[in-house]
Amino acid sequence: MLNTILPLGEARAPRGVVKLNGVPIDAWVDFEVDNNGFYQADTFRVNFACNWLPADRNKAWLLSQADLTVELFAGFPPDPTNYDSSSLKSWIIGRVDDVQYKPVAGVVELSGRDYTSQFLDAKTAEQFTTKTSSQVAQILAARHGMQAVVKTTTTPVGTYYQIDHVKVSDSQTEWDLLTWLAHKENFACYVQGQTLHFEPLPDPSKDDTYVIQWSEPDATTGSPTATVEDLEFSRNLTVAKDIIVYVRSMNAKQKKGFTVKAQAQHNKNKVIRNAQLPYGQAQVYSYSIPGLTQAEAQARANAYLQDLSKHEMRLHAVMPGDDVLSPRTLVSVTGTDTVFDQIYYPDSVIRAMSIRDGYRMTLSAKNHSVESVPLP
């Protein structure tokens with residue numbers, strides 16, 4: 001269990017710092033950070049009160065700048081009355097994309113993306129056919145003056161072009177290339193601060209989880225208790241049907257075609273004996289991918305099945321902000337005594353801090369039902 005559950009009624013003292021071009025600015029009213037899933041840019045939004053801005057960085061200066069960098073910090077310093085950014089956690093740093101001036105409200109709003117934008121805004125026609133995926137990640141990170149945390153891979157990139165029959169003749173964004181390679185390696189690819197991460201996906205069997213606890217009312221409490229302010233679940237009954245994935249391929253060496261199958265089937269008797277199975281026949285997905293071996297085709301079918309199944313069960317929660325939860329954190333729900341008690345993979349963690357509402361998080365996550373199990 002990664003998070004610590006505080007006793008009811010215990011006081012919290014969160015604090016925030018906003019840096020503009022590396023300089024702390026105390027004129028902020030509120031800010032928001034959206035830390036997204038593995039293949040997207042994180043985003044931010046911050047509002048400054050015009051009347052609070054310092055004289056050397058007033059609204060006229062702010063609205064005339066062509067290049068602005070914002071870094072947002074939040075956390076729980078040891079001394080809430082005497083703190084700076086060194087005692088808080090940096091949740092995002094990136095360039096401003098949009099500036100909005102709201103004279104009626106007396107506010108300037110800045111919004112933008114993290115340094116994933118460095119790769120999104122840069123195009124390349126390079127194929128790197130003799131390099132490995134990890135070498136490409138290191139090369140592109142160095143190109144933008146960024147650090148890289150990379151797990152070494154061994155397959156040349158050219159091998160993946162041959163498998164997918166891909167020929168790169170036009171330029172693509174560097175981020176498209178990195179995420180395509182991450183998909184091939186079954187890796188996570190994301191930017192944190194000024195560091196590119198290219199490493200294996202989290203393993204639910206090995207990693208600790210962030211726990212959301214729900215407790216029904218009892219004689220002591222008289223009402224439900226939870227570690228969140230709001231909690232919602234949903235289940236897509238189309239995806240909740242049995243899922244079958246077919247991958248058909250033609251292997252040039254064997255000179256014959258073949259089809260492999262991956263399937264997730266509800267196992268009612270094993271998990272919830274009284275649950276009703278979804279109405280209708282299995283949901284079938286078919287893909288045609290030339291040039292695969294049978295083992296490669298089966299691996300591809302299994303990967304598609306796993307990705308499709310994750311959309312079945314969805315979780316939405318609003319909770320007090322903390323320094324633990326991130327899109328790379330597996331979330332475990334307990335205590336509802338329903339099919340929703342299981343592991344979830346976050347899509348998005350939105351942190352918001354304001355003078356009026358304090359420090360809060362909104363979590364969006366998904367996974368397949370525990371009733372669904374892949375068949376061999």
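How many helices and strands are there in the chain? This predicted model has 7 helices and 23 strands. The legends below go from the whole chain to single residues.

**Figure 1. The whole chain, with its 376 residues.**
Buried residues make up 43% of the chain. Take the contacts with a separation of 6 or more: 67% of them come from residues 24 or more positions apart. On the outside, the chain exposes about 19,500 Å², and carbon and sulfur atoms supply 48% of that area.

**Figure 2. Strands 5, 6 and 7, paired in the antiparallel sense.**
Strand 6 covers residues 89-102 and pairs with strand 5, residues 69-75, over 6 bridges. One spot to pick out here is Phe73, whose bridge partner in strand 6 is Ser90. Strand 6 also pairs with strand 7, residues 107-113, again in the antiparallel sense and over 6 bridges. For that pairing, look for Gln100 and its bridge partner Glu109 in strand 7. Strands 6 and 7 make a hairpin with 4 residues between them. Sitting in the turn is Gly106, with a positive phi of about 70 degrees. As background, side chains in a regular strand alternate between the two faces of the sheet.

**Figure 3. The largest nonpolar core and its 24 residues.**
Which residues have the most contacts inside this core? They are Phe31, Val46, Phe48, Leu62, Val70, Leu72 and Leu110. At least two core residues come from each of strand 1 (15-20), strand 3 (28-36), strand 4 (43-49), strand 5, strand 6 and strand 7. There is also a second, separate core of 22 residues, including Tyr115, Val136, Ala137 and Leu140. In general, nonpolar side chains in soluble globular proteins tend to be buried together.

**Figure 4. Val70 and the residues around it.**
Leaving out residues up to four places away in sequence, Val70 touches Lys19, Leu20, Phe44 and Val46, among others. Its list of contacts carries on with Ile92, Ile93, Gly94, Val96 and Leu110. Val46 and Leu110 also turn up beside Val70 among the residues with the most contacts inside the largest nonpolar core.

**Figure 5. Trp61 in helix 1.**
Helix 1 runs over residues 59-64 and holds Trp61. Trp61 counts as partly exposed, because its relative accessibility is 23%. Setting aside neighbours within four places in sequence, Trp61 is in contact with Leu20, Asn21, Asp56 and Leu68. Leu20 is also on the contact list of Val70.

**Figure 6. Ala122, in the loop between helix 2 and strand 8.**
The loop sits between residues 116-120 of the helix and residues 123-124 of the strand. Is Ala122 buried or exposed? Ala122 counts as buried, because its relative accessible area is 15%. Its contacts, not counting residues up to four places away in sequence, are His144, Gln172, Thr173 and Glu174. Ala122 and Glu174 are 52 residues apart along the chain, yet 5.9 Å separates their C-alpha atoms.

**Figure 7. Helix 5, residues 174-185.**
At 1.5 Å a residue, the 12 residues of this helix should span 16 Å, and the end C-alpha atoms are 17 Å apart, so the two values agree. Helix 5 is largely enclosed by the rest of the structure, because 9 of its 12 residues are buried. The buried ones are Glu174, Trp175, Leu177, Leu178, Thr179, Leu181, Ala182, Lys184 and Glu185. Glu174 is also one of the residues that Ala122 touches. A bit of geometry helps when scanning the view: an α-helix has 3.6 residues a turn, so residues three or four places apart point the same way.

**Figure 8. Asn186 and Asp337, each with a positive phi.**
Most residues other than glycine have a negative phi. Asn186 follows helix 5 and lies in the loop before strand 11 (187-192). Its phi is near 60 degrees. For Asp337, phi is near 55 degrees. Where is Asp337 found? Look in the loop between strand 20 (330-334) and strand 21 (343-354). Asp337 counts as exposed, because its relative accessibility is 70%.

**Figure 9. Cys50 and Cys189, both buried.**
Cys50 has a relative accessible area of 13%, and for Cys189 the value is 0%. How many disulfides does a search of the whole structure find? The search comes back with 0.

Notes: Residues numbered from 1 in each chain as written. Predicted model: local features only at pLDDT ≥ 70, side-chain atom pairs only at ≥ 80, totals over all residues. Heavy atoms only, no water. Pairing = 2+ DSSP bridges. Disulfide = S-S within 2.5 Å. Buried < 20%, exposed > 50% of the residue type's maximum accessible area, 1.4 Å probe, protein only. Contact = heavy atoms within 4.5 Å. Core = buried A, V, L, I, M, F, W, Y, C linked by side-chain atoms within 4.5 Å. Areas by Shrake-Rupley, 256 points an atom, 1.4 Å probe, with all protein chains shown as cover. Expected span 1.5 Å × (residues − 1).
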